[in-house]
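Good morning, and thank you for making time for this presentation. I shall take one structure and go through it part by part.

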Amino acid sequence: MKGKTRGSKKAVKMLVASMKEKGFRGDKASISHCDNFALAETLKKSILEVWKNAEIEILPTRGLCSYYAERGGMIISY
């Protein structure tokens, strides 16, 4: 767990900041969501504002990933 936020806007900002901190260069990224496509789409737009040429795919979670992400959660891979 990276940190705690109140609200999805702050969560998206924290995720993008974490990606910068960890050295994401705008390559490929995957966003897996558990019944929260709207937030996944918002995160994708925020990433593309910073890294214009990033390749981002949005996928629904399945099986064990759904259990770990929990309803409304996301798993971001890059």
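**Helix H1 and its surroundings**

The buried residues of helix H1 are Val12, Val16, Ser18 and Met19. Around the helix axis they cover an arc of only 160°, which means that they lie on the same side of H1. I should say at once that this is a predicted model.

What lies on the face of H1 turned away from that buried side? There we find the exposed residues Lys10, Lys13 and Glu21. On the buried side, the cover includes helix H2, residues 37-50.

The length of H1 can also be checked. The helix comprises 14 residues, 8-21, and at 1.5 Å a residue it should span 20 Å. Its end C-alpha atoms are 20 Å apart, so the expected and modelled values agree. After H1 comes glycine 23, which has a positive phi, near 95°.

Let me turn to one residue of H2. Leucine 39 lies in this helix. Is leucine 39 buried or exposed? Its relative accessibility is 15%, and because the cut-off for a buried residue is under 20%, leucine 39 counts as buried. Setting aside neighbours within four places in sequence, leucine 39 is in contact with Ser8, Val12 and Met74. Of these, Val12 has already appeared among the buried residues of H1. Leucine 39 can also be placed relative to glycine 73: the two are 34 residues apart in sequence, and their C-alpha atoms are 9.0 Å apart in space.

Next, the charged side chains. How many salt bridges does the structure hold? There is one, and in it the side chains of arginine 71 and aspartate 35 meet at 3.2 Å, N to O. This pair links distant parts of the chain, 36 residues apart. Arginine 71 is in the loop between helix H3 (63-69) and strand E3 (74-77), while aspartate 35 is in the loop between strand E1 (28-33) and H2. Both partners pass the exposed cut-off of over 50%: arginine 71 counts as exposed because its relative accessibility is 71%, and aspartate 35 counts as exposed because its value is 57%.

Finally, the nonpolar surface. Leu64, Tyr67 and Tyr68 make a nonpolar surface patch of about 430 Å². One of these residues, leucine 64, lies in helix H3. With a relative accessible area of 55%, leucine 64 is exposed, whereas leucine 39 in H2 is buried at 15%.

That concludes my presentation, and I welcome your questions.

Conventions: Residues are numbered from 1 along each chain as its sequence is written. This is a predicted model: local features need pLDDT of at least 70, side-chain atom pairs count only at pLDDT 80 or more; totals for chains, interfaces and linings use all residues. Side-chain values use heavy atoms; hydrogens and water are left out. Helices (H or I, at least four residues) and strands (E, at least two) are DSSP runs, numbered from the N terminus. The expected span of a helix is 1.5 Å times one less than its number of residues. Buried means under 20% relative accessible area, exposed over 50%, partly exposed in between (1.4 Å probe, protein chains only). The arc is that of the directions from the helix axis to the C-beta atoms. Contact means heavy atoms within 4.5 Å. A salt bridge is a side-chain nitrogen of Lys or Arg within 4 Å of a carboxyl oxygen of Asp or Glu. Patches are made of residues with over 30% relative accessible area and no salt bridge: like charges are joined within 9 Å, nonpolar side chains (Val, Leu, Ile, Met, Phe, Trp, Tyr) within 5 Å. Accessible areas come from the Shrake-Rupley method with a 1.4 Å probe; for residues, only the protein chains shown count as cover.
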